[in-house]
Amino acid sequence: MTDFLLELLSEEIPARMQAKARVDLERLFTAQMVEAGLKAGAITVYSTPRRLALIAKDLPAQTEPVSEEAKGPPEAAPDKAVEGFCRKNGVTRDQLEVRDINGRPTYFAVINKPGRDSKDVLADAIPAIIRAFPWPKSMRWGDASVSTESLRWVRPLSGIVAILGDDLVPCEIDGLTSGYDTVGHRFHNAKAPFVSSEVKRQAEENDPSVSRLGSTRTEPGRITIGNASDYAEKLCACHVLVNHEQRQNIIRDGAAKAASDAGLDLVEDEGLVIENAGLTEWPVPLLGSFDPAFLDVPEEVIQLTARVNQKYFICRDKQGALAPNFVCTANIAASDGGKAIIAGNEKVLAARLSDAKFFWELDQKTKLEDHAKKLSNIVFHEKLGTVADKVERVVKLAEWLASLEGTGLLRANPEQIQLAARLCKADLVTEMVGEFPELQGLMGGYYAEKEGLLVEVSRAIRDHYKPVGQGDDVPTDPVAVCVSLADKLDTLGAFFGVDLPPTGSKDPFALRRAALGVVSLIQENSLRLPLETTIKNAQDWLVESPAGLTMSRGKLLDFFADRLKVQQREAGVRHDLIDAVFALGGEDDLVRLLARVKALQSFVETTDGVNLLAGYKRASNILKKDGGSSVRVERSRGTDAARQGLSTALETNGKEGSIGSSAELNVLSYSPEKAEKTLIDALDATQPLVTAAIKTEQFETAMTALAALRGPIDEFFEDVTVNDSDETKREARLALLARFRNAVHQVADFSKIEG
């Protein structure tokens, strides 16, 4: 068993692509090995800005020999047919075997394939891996780039190290041949390595294999790798920490320490840790500062400027306020301790913050009302008018939402709602949002506050995009809730109205996110919103009402149902219970619907719930075998009243509130058996309780009432023959089972419940 090392050296690989590249390299390598009949032990994949590396442990020296058989033509077949079979399988005629197949002599070719050296397998696999690599973006380079057949890679590929054990795996692709040599750090590599004691300590803590860091002096230029076991150590001696997790730990811990040493707290940002690890091969966190005067700019602006533009971490003081400091990640252990690097980064950040401060002050010279007038120059969508048109629809819808009784939104002030809705998109034309689109809404809230507008208005402008994803804050202020709902409902109604719903994985207008936002707003604020009516109003206010809106409303309601299912499944609610409640139909009050689902989940997990479900399924199966709910009542020899009762019970087929009166079902032409009478009495007692509980939305009470049917239905099936030879009894008992099924359907369609 031998270890294998592969390194693909290139110009800088974008940090955002490195995690997937590691996964793809392992996947492609494994696929090549499986195809060749090789199986490696542990596989480790590394990445730095300049290289992808893979180490595969315990590769066998060669593949196993393989013996294959191929059935050919009959012995009496024409010579051409036999010769063609031989050519196809790489054998001669005298190598063929003749076997008896059903009394017919038939040729067989036995092909023995000897094992291949793993080195040969790898030599073929490496070019295949490189050519098949699925970079999100790739390029061609050099003179060969004039041809579309030339090699593509994320950045120009400059070297291949391929070593099996101590032996080179010779391979070539696009004029580039494999070798033992790689390069160290781009800046440190020109001289013998200098390693600070602190960096050495952190490296040793994160990876014991580099314990000799700094002890090996290397020649400038290329590094010769001996085998997989000395790869990381030799690179580390040349200021390359090839293990991305090791670099992340150094950045995470070092940035926190740099802030702590200055009496500050680092704002944790794991995404920034990973990004900086993808930008550096020898990370050194350094603390810098900026002019406290910049703190007059909203802190979100400072954070974005530092994070997005410069990849800096920000800090807070011990009181939690934003501090005029940052932590940058150098890619070199500077001999001056990083003073020059810090000064350069401070200068760059100061220029960025000066621009931000200028935008902040410039935007405030124009009122939001005047900014909003420019929205008529921005197209929202070619089929849906301008952003100004959208704002007008949002205003109408927000005002209408606030006027609904019983929704929980009547506390909102109509004048505040109108003003907030009219100004909610005004910051889209500001300089600050032009620079940082992520700040839309937030900057509008700040500008509204600076103008002296009421806090309810500025808060609604700031929060009307929320929630924008899982875990985001959900507005609870009535004005903000109205405007946020109106904005999202208008977007959904508009795009569905012009037949532009999401398709497959594509959702260019973020409609799934908007629907989940609506669901979260309704849930968080317990809003009793008639969703179907709301959608109708949202679409009625479109600039040009397209044809087919009625159909689009149905699609949109189904879309909401799907989003709700996704959300509830992620919250741990069984999907079959959601389907059981949705199957009732006619429910567009999400608060009531979810309360019903919650009560159902609690109920079906009890013994009574399990047993009642079993009884329901048995009753449902009997009715299904008998033709469902269409027993021919005219054959019954009971009284007219009894026949009418049977018809009522059987034809309702689960419609809520149409169970059939007890008086009708109790008028029978025969004396019911004890268990039959017990079930009738139980239904008589239970049905009014269930109906009343559902009417008052006491779903737990309704479930408890249904539980009283568990014993009677079990006893009924134990003691009563449903398919009696007496047709009158049979039809009456089927009607009784239909009545039982319909009683259960008042709560949910139990046929959708698994178990």
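User: Before we start, what does buried mean here, as opposed to exposed?
Analyst: Buried means under 20% relative accessible area and exposed over 50%, with partly exposed in between, using a 1.4 Å probe and protein chains only. This is a predicted model, in which local features need pLDDT of at least 70 and side-chain atom pairs count only at pLDDT 80 or more, while totals for chains, interfaces and linings use all residues. Residues are numbered from 1 along each chain as its sequence is written, and side-chain values use heavy atoms, leaving out hydrogens and water.

User: OK, is strand β1 mostly covered or mostly open?
Analyst: Strand β1, residues 2-10, is mostly covered, with 7 of its 9 residues buried; strands here are DSSP runs of E with at least two residues, and helices are runs of H or I with at least four, numbered from the N terminus.

User: Which strand does β1 join through Leu-8 and Leu-52?
Analyst: That is β3, where Leu-52 is the bridge partner of Leu-8, and the two strands run antiparallel, joined by 7 bridges; strands pair if DSSP finds at least two bridges between them. β1 also pairs with β7 (residues 157-164) in the antiparallel sense, and there the partner of Leu-8 is Ile-160.

User: Switching topic, how many residues are in the largest nonpolar core?
Analyst: It has 138 residues, and Leu-485, Leu-492, Phe-560, Leu-600 and Phe-750 have the most contacts inside it; such a core is a set of buried Ala, Val, Leu, Ile, Met, Phe, Trp, Tyr and Cys residues joined through side-chain atoms within 4.5 Å. Helix α16 (residues 478-497) gives the largest share of this core, 12 residues.
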